[in-house]
Amino acid sequence: MKKIFNNFILIVLLLMIPVISSPDFDGMLSVFNSEPFQRDFLRFVLTIGFFYLNSLVLLPNLFSRKKIVVFSAIVILSYAVVIFLPFSLLPNRQGANMSNPKNDMGMSRPTDNDRFRENNSPRFSENRLHPEEMGAKKDNTLPKKIFTSILPFLFSFLSSLFIYKSNEQRELERSKAKSDLLNLKYQLQPHFLFNILNSIYSLALLKSDDTPDGILKLSNVMRYVVQESSKDFVELTKETDYIKDYIALQLIRTDLSLDFSYIEIGDLKNLKIAPFILINFIENAFKYGFNAEENSKIEVKLLVQETVLNLIVFNKIVTADITNEESLKIGLKNTFEQLNHVYPNKHTINIHKTATTYQVDLTINLN
């Protein structure tokens, strides 16, 4: 609706151009009584109509599909309509009156010879017509028709082509960004599932009573991945439920050597977030911050204030060798790219690393 209103205002403003720029414009609408202006105004209206015809129909349906011959033929036909239709609908009545030079009182108009004899001066030796008659006669010639129509029509054609190409380029960039974002998601998701399956496998080997609950939470996680992965944004409460299920699966395989805490503060309702944008930091904390042979510590804090989300993930650095450090770098790189795609200039991320600790502090404006 807003787009229609904006186009309506634009058309009104464009139609004011020939009125205001007309030499006969005196601030009143009497300019519409002039036949030359009527033809020029109609030509301007037809040119605007061609702009929308070209933008909405010809370019997307013919030009984009390489139907150049049909496209060119319609453009040429449209130009012919712009040239000749105003003269067909508004014939030159003044030109017809020139053949019968009588005034409104039924008396004959003075002939050129009469004017010549009255003035009896060499500067009046040329045939003189009434200014409106001269304009009408001059305007009625084919070269004049072409000249007065070519520039507005060409401007209309090129501007519509430029706008179409610009929109096409933006659409390509938007599609590419969306495709890149989906690729990032799919790079991350299998990594999550492999870790979870390993946890369930460990439970099954131990014949643990937690195995059914682990399978249920795995089912919840997989359902979330299948249903929400293609969406641009999901409810924040659904994303946190997914995170909690993931954490629960990870805690199944840990023991008392892990000091873990999860804190959630703030109202998460009525907020949305890009899916799978937080989980990688938590996954890395479990993958590289837990060692059954050491006193490990992991803290996850999720704070929400109005529309600003703050995620803090802290873990002690374990002494066990990180055999897949390159995977860690790739995972973080993908998450950073995802943040830049979805939240440009709306997020900050700080990583604090010491010899014994690792902490990620992420802030996102979800508005």
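**Exercise 1. In which strand is the place of Asn315? Determine also whether Asn315 is buried or exposed.**

Solution. The model considered here is predicted.

Step 1. Asn315 is found in strand E5, which covers residues 308-316.

Step 2. The relative accessibility of Asn315 is 5%. Buried means under 20% relative accessible area, and Asn315 therefore counts as buried.

Step 3. Leaving aside residues up to four places away in sequence, Asn315 touches Ala285, Tyr288, Gly289, Lys297, Ile298, Thr356, Thr357 and Tyr358. Among the buried residues of helix H10 are Ala285, Tyr288 and Gly289.

**Exercise 2. Establish how many residues of H10 are buried, and describe how helix H9 and helix H10 pack.**

Solution.

Step 1. Of the 11 residues of H10, 10 are buried, so this helix is largely enclosed by the rest of the structure. The buried residues are Ile279, Asn280, Phe281, Ile282, Glu283, Asn284, Ala285, Phe286, Tyr288 and Gly289.

Step 2. Two packed helices are described by the angle between their axes and the distance between the axes. For H9 (residues 236-252) and H10 (residues 279-289), the angle is about 10 degrees and the axes lie 11 Å apart.

Step 3. Angles under 35 degrees count as roughly parallel; H9 is therefore roughly parallel to H10.

Step 4. H9 contributes Tyr242, Ile243, Tyr246, Ile247, Gln250 and Leu251 to the contact, while H10 contributes Ile279, Ile282, Glu283 and Phe286. By character, these residues comprise eight nonpolar, one polar and one charged.

**Exercise 3. Compare the span of helix H2 with that of a straight helix of 29 residues, and locate the bend in H2.**

Solution.

Step 1. At 1.5 Å a residue, a straight helix of 29 residues would span 42 Å. Helix H2 (residues 35-63) spans only 37 Å between its end C-alpha atoms.

Step 2. A bend of about 45 degrees occurs in H2 at Asn54.

**Exercise 4. Characterise the surroundings of Leu46.**

Solution.

Step 1. Leu46 belongs to helix H2. Its relative accessible area is 21%, so Leu46 is partly exposed.

Step 2. With residues up to four places away in sequence left out, Leu46 touches Val81, Val82, Leu85 and Pro86.

Step 3. Leu46 and Val82 are separated by 36 residues in sequence, yet their C-alpha atoms are 5.9 Å apart in space.

**Exercise 5. Summarise the chain as a whole.**

Solution.

Step 1. The chain contains 11 helices and seven strands.

Step 2. Of its 367 residues, 35% are buried.

Step 3. Among contacts with a separation of 6 or more, 73% join residues 24 or more positions apart.

Definitions and conventions
Residues numbered from 1 in each chain as written. Predicted model: local features only at pLDDT ≥ 70, side-chain atom pairs only at ≥ 80, totals over all residues. Heavy atoms only, no water. Axes fitted to C-alpha atoms, helices over the stretch in contact; angles between N-to-C directions. Helix = DSSP H or I, 4+ residues; strand = E, 2+ residues; numbered from the N terminus. Parallel < 35°, antiparallel > 145°, perpendicular 65-115°, else oblique. Contact = heavy atoms within 4.5 Å. Nonpolar A, V, L, I, M, F, W, Y, C, P; charged D, E, K, R; others polar. Expected span 1.5 Å × (residues − 1). Bend = angle between axes of the 7 residues up to and from the residue. Buried < 20%, exposed > 50% of the residue type's maximum accessible area, 1.4 Å probe, protein only.
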